Amino acid sequence: MIKKTVESAMNEQIKREEFSSRLYLSMAIWCEVNGYPGAASFLFRQADEERMHQLKLVHYVNDRGGKAVLMALTAPETHFDSLSHVFKQVMEHEQYITASINDLFEVAMNEKDYTTGNFLQWYINEQIEEEKTMSTILDKINLIGNEHGGLFHIDKELGLMAAAPVEAKAE
Ligand code: FEO
């Protein structure tokens, strides 16, 4: 049976993953209406992945005798200045999520809940991959600057990444 402290910390993470999904959905929409179809596909897919992260937590909490609770969310941003601005925010958001997963792990460890610690290991590894992927994309975008040909190319590349099998995404 999951302890209340761990359960409520997990519910906070469920909220964060749900917000991540909506944030990336909002970014995907911006990309789609601003001429970046590849980046849009990539971010639509990221939004789906975040929903999967959320669901995984929901099932875990319920399976351990707790109850997942959905909370009110603030609306994500809808306007972005540029593609670089979008991915800079993705990177910052992923770093924030990494920190929150680490905090969650600490809560589980303080409660000697090794089962939850073990479960969270998947998220710790996932964050390493996500930060690596986003930092590679951001580096490329920063290198290109606002050059149109370069942005067209990176958008195409993001589209290909979105079409790749899930396992190959971060490679
Ligand atoms: Fe679920 Fe991108 O962290």
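# Report on a predicted helical model

A polar contact of 3.1 Å connects the side chain of serine 100 with that of glutamine 13. The term polar contact denotes a pair of N or O atoms within 3.5 Å; within protein, one must be able to donate a hydrogen and the other to accept it, and residues adjacent in sequence count only if both atoms are side-chain atoms. The model is predicted: local features need pLDDT of at least 70, side-chain atom pairs count only at pLDDT 80 or more, and totals for chains, interfaces and linings use all residues. Residues are numbered from 1 along each chain as its sequence is written, and side-chain values use heavy atoms, with hydrogens and water left out.

## Serine 100 and threonine 98 in helix α3

Serine 100 belongs to helix α3, residues 83–110. Helices (H or I, at least four residues) are DSSP runs, numbered from the N terminus. Is serine 100 buried or exposed? Serine 100 is buried, its relative accessible area being 6%. Here buried means under 20% relative accessible area, exposed means over 50%, and partly exposed lies in between (1.4 Å probe, protein chains only). When neighbours within four places in sequence are left aside, serine 100 is in contact with Gln13 and Arg16; contact means heavy atoms within 4.5 Å.

Threonine 98 is also found in helix α3. With a relative accessibility of 17%, threonine 98 counts as buried. Residues up to four places away in sequence not being counted, threonine 98 touches Gln127 and Glu131. The C-alpha atoms of threonine 98 and glutamate 130 are separated by 9.4 Å, although these residues are 32 apart along the chain.

## Helices α1 and α2

Helix α1 covers residues 4–33, which makes 30 residues, and it reaches 44 Å from its first C-alpha to its last, close to the expected 44 Å. The expected span is 1.5 Å times one less than the number of residues. Glycine 35 follows α1 and has a positive phi, near 85 degrees. Helix α2 has 27 residues and reaches 39 Å between its first and last C-alpha, close to the 39 Å expected. Just after α2, glycine 65 takes a positive phi of about 90 degrees.

Two residues of α1 illustrate its surroundings. Cysteine 31 lies in this helix and counts as buried at 0% relative accessibility. Leaving aside neighbours within four places in sequence, its contacts are Tyr36, Pro37, Ala39, Ala40, Leu43 and Leu83. The C-alpha atoms of cysteine 31 and histidine 148 are 15 Å apart, with their positions 117 residues apart along the chain. Isoleucine 29 also has its place in helix α1, but isoleucine 29 is partly exposed, with a relative accessible area of 46%.

Which residues make the nonpolar surface patch of about 280 Å²? Leu25, Ile29 and Val33 make it. Patches are made of residues with over 30% relative accessible area and no salt bridge; like charges are joined within 9 Å, and nonpolar side chains (Val, Leu, Ile, Met, Phe, Trp, Tyr) within 5 Å. An α-helix has 3.6 residues a turn, so residues three or four places apart point the same way.

## Salt bridges

Side chains of opposite charge can pair when their charged atoms come close. A salt bridge is a side-chain nitrogen of Lys or Arg within 4 Å of a carboxyl oxygen of Asp or Glu, and the count comes to five salt bridges. The table lists three of them.

| Basic residue | Acidic residue | Closest N to O |
|---|---|---|
| Lysine 3 | Glutamate 111 | 3.4 Å |
| Arginine 64 | Aspartate 113 | 3.5 Å |
| Lysine 140 | Glutamate 157 | 2.3 Å |

Lysine 3 lies in the segment before α1 and glutamate 111 in the loop between α3 and α4, so this pair ties together parts that are 108 residues apart in sequence. Lysine 3 counts as partly exposed at 43% relative accessibility, and glutamate 111 counts as partly exposed at 23%.

The pair of arginine 64 and aspartate 113 links distant parts of the chain, 49 residues apart: arginine 64 is in the loop between α2 and α3, aspartate 113 in the loop between α3 and α4. Arginine 64 is buried, with a relative accessible area of 19%, and aspartate 113 is buried at 8%. Aside from neighbours within four places in sequence, aspartate 113 is in contact with Ile2, Val6, Arg64 and Ala108.

Lysine 140 lies in helix α4 and glutamate 157 in helix α5 (residues 148–163), so their salt bridge ties together parts that are 17 residues apart in sequence.

Conventions
Helices (H or I, at least four residues) and strands (E, at least two) are DSSP runs, numbered from the N terminus. Accessible areas come from the Shrake-Rupley method with a 1.4 Å probe; for residues, only the protein chains shown count as cover.
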